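Here is a short report on one protein chain and its ligand. It starts in the core and works outward.

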Amino acid sequence: MKKLDDFRLKLGNNELVPIMVGGMGVDISTTELALVAARLGGIGHISDAMVPAVTDRLYKTKFVKQKLKKYKYNANNDDKSVVQFNLDNLAEATKMHVSKTMQQKQGDGMIFINCMEKLTMNNPLGTLEVRLKSAMDAGIDGISLSAGLHLSSFGLIKDHPRFREVKLGIIVSSTRALNLFLRKTARLNRLPDFIVVEGPLAGGHLGFGMDWAKYDLKILTREVIDFLAEKEFSIPVITAGGIFTGSDAVEYMELGAAAVQVATRFTVTKECGLPDKVKQKYFKADEDDIEVNQISPTGYPMRMLKKCPALHSGVAPNCEAFGYLLNAKGSCDYIAAYNAELAKHPTAKKIIVKGKTCLCYHMRKFNCWTCGYYTYQLKNTSLKLENGDYQMLDAEHVFKDYQFSVNNQVKLPEPEVD
Ligand SMILES: Cc1cc2nc3c(=O)[nH]c(=O)nc-3n(C[C@H](O)[C@H](O)[C@H](O)COP(=O)(O)O)c2cc1C
């Protein structure tokens, strides 16, 4: 019986354990989590989502405060187009996060950064260019382009000295999106080094409509592999979304995948950035506690725990401090939804905005409990304690369970004694 460790992922000259821990935005996939994956010979991700807010928390920088101070005068103005990110600060924050991570890296694995195009930051191309180039400057091993078609992304960095050396890949949910991307990159004579096919059972934003349940990761993976073979492109395909055990992973490897990207099982590890009490919510979730909704202002559906505080909240937009989802015109669907609700209840002390949420505020506060489809099975991966909570897991334990388990088994941790 095969186990995932019987396979290896070849990326250029690197031979890796075929496990990639997916990027989880706003520091849910922390430096510590990425370091474990790299130490054990796989690939870990950090994320560049809201990185100035992340370095403020981790390294006591003051980027958010400075931005708010500069633009506070605009707080009552619905037009946020003046609220621009300082590109030098953005570069500094990104370099700080990446270099502090890379300096600690040990082992034969790699560390990539997840970079979402939908983080438009009131200047989509300008800020994206800075984010990508700063990560490359600071020594990142690879970049996973996500949440968007990324038709301009390779062009933005084509003159960077590391353009042909750093591992570049994209996350797609259809051959159509992949085809559009490859046509663009072909013009630069630079193919991606890997492609992640993400299916409908993943956490975070989904690359499908609300008809996500119609799609099947096995079929999508096969389609992408066949499409690449037809074009005679030899690019490793990494498959993601709902791969819960080592045996699930082996099924995909036998189908022709080069590796798997996994995330949900790592949300309940000590190294994951979610607060402990939120990790317990993930452990305790039942199947009907989870929904796919449309409250993200990005327009993509997102999978979430129904009880998370990001739902039915009505915080006032604070784009002067954050503003990560402001489009090129300085607006965001949450501002529109908030203002519509405010107009209906002008004297109310507290309003509730049902259709959309302020993702910046709630991600920053770890209030948006986005999760994968199989979150309700996490309780079967650990030990229940006397107080009803579950024992937190070591990321190494989860990684090795994917690597070595057979027969769809999940290895439980040794009981911890305090
Ligand atoms: C809590 C959480 C946050 C996520 N955030 C992001 C993100 O910021 N960017 C992204 O490209 N994918 C994100 N994802 C998707 C994962 O990187 C990964 O591809 C997917 O969840 C794998 O499926 P699994 O969770 O069933 O293992 C997130 C997933 C989870 C569970």
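## Nonpolar core

The largest nonpolar core has 132 residues. Those with the most contacts inside it are I19, A37, I143, I195, I238 and V260. The model is predicted.

A37 gives a view of the packing. Leaving aside residues up to four places away in sequence, A37 touches I19, V21, G42, I43, G44, G109 and F399. I19 is thus both a contact of A37 and one of the core residues with the most contacts.

## Overall build

The chain's secondary structure comes to 13 helices and 12 strands. Its radius of gyration is 21 Å, close to the 22 Å that the globule rule gives for 418 residues, so the chain is as compact as a globular protein of that length. The C-alpha trace spans about 65 × 60 × 40 Å along its principal axes.

Of the 418 residues, 51% are buried. Take the contacts with a separation of 6 or more: 74% of them join residues 24 or more positions apart.

## Strands β6, β7 and β8

Strand β7 covers residues 167-172, and 5 of its 6 residues are buried, so the strand is largely enclosed by the rest of the structure. What joins β7 to strand β6? The link is 4 bridges, and the two strands run parallel. Strand β6 spans residues 142-146. One bridge pairs G142 with K167 in β7.

Strand β8 (residues 194-198) also runs parallel to β7, joined by 4 bridges. Here I170 stands opposite I195 in β8. I195 is also one of the core residues with the most contacts.

## G207, after β8

G207 sits in the loop between β8 and α8 (217-230). Is G207 buried or exposed? A residue needs 20 or more other C-beta atoms within 10 Å to be buried. G207 has 25, so G207 is buried.

G207 touches V172, S173 and E198, not counting residues up to four places away in sequence. V172 belongs to β7 (residues 167-172), and E198 to β8 (residues 194-198). G207 and G148 are 59 residues apart in sequence, with their C-alpha atoms 8.4 Å apart in space.

## Ligand shell

How many residues surround the ligand? The shell has 30, and the closest are G22, G25, G203, G204 and G372. By class, the shell divides into 14 nonpolar, 15 polar and 1 charged.

Two strands stand out as suppliers. β5 (110-116) and β10 (259-262) each give at least two residues to the shell around the ligand.

## T30, before α1

T30 lies in the loop between β3 (19-21) and α1 (31-39). T30 counts as buried because 23 C-beta neighbours lie inside 10 Å. Not counting residues up to four places away in sequence, T30 touches E271, C272 and G273. T30 and I46 are 16 residues apart in sequence, and 5.8 Å separates their C-alpha atoms.

## Helix α13

Helix α13 has A395, V398, F399, D401, Y402 and Q403 buried. Which elements do the buried residues of α13 pack against? They meet β3, α1, α9 (246-255) and β10. F399 is also among the contacts of A37.

Beyond the helix comes N408, in the segment after α13 (395-404). N408 is not a glycine, yet its phi is positive, about 60°. N408 counts as exposed because 12 C-beta neighbours lie inside 10 Å, and the limit for exposed is 12 or fewer.

## K60, between two helices

K60 also has a positive phi, near 60°, in a residue other than glycine. The place of K60 is the loop between α2 (51-59) and α3 (63-71). K60 counts as exposed, because its C-beta neighbours inside 10 Å come to 7.

## M136 in helix α5

M136 is part of helix α5 (residues 124-137). Why does M136 count as buried? The reason is its 23 C-beta neighbours inside 10 Å. Not counting residues up to four places away in sequence, M136 touches I157, H160, R162 and V166. M136 and V262 are 126 residues apart along the chain, and 24 Å separates their C-alpha atoms.

Technical notes:
Residues are numbered from 1 along each chain as its sequence is written. This is a predicted model: local features need pLDDT of at least 70, side-chain atom pairs count only at pLDDT 80 or more; totals for chains, interfaces and linings use all residues. Two residues are in contact if their C-beta atoms, placed from the backbone, lie within 7 Å. A residue is near a molecule or strand if its C-beta atom, placed from the backbone, lies within 6 Å of it. Ala, Val, Leu, Ile, Met, Phe, Trp, Tyr, Cys and Pro count as nonpolar, Asp, Glu, Lys and Arg as charged, and the others, Gly among them, as polar. The radius of gyration is taken over C-alpha atoms; the globule rule is 2.2 Å times the number of residues to the power 0.38. A nonpolar core is a set of buried Ala, Val, Leu, Ile, Met, Phe, Trp, Tyr and Cys residues joined through C-beta atoms within 7 Å. Two strands pair if DSSP finds at least two bridges between them.
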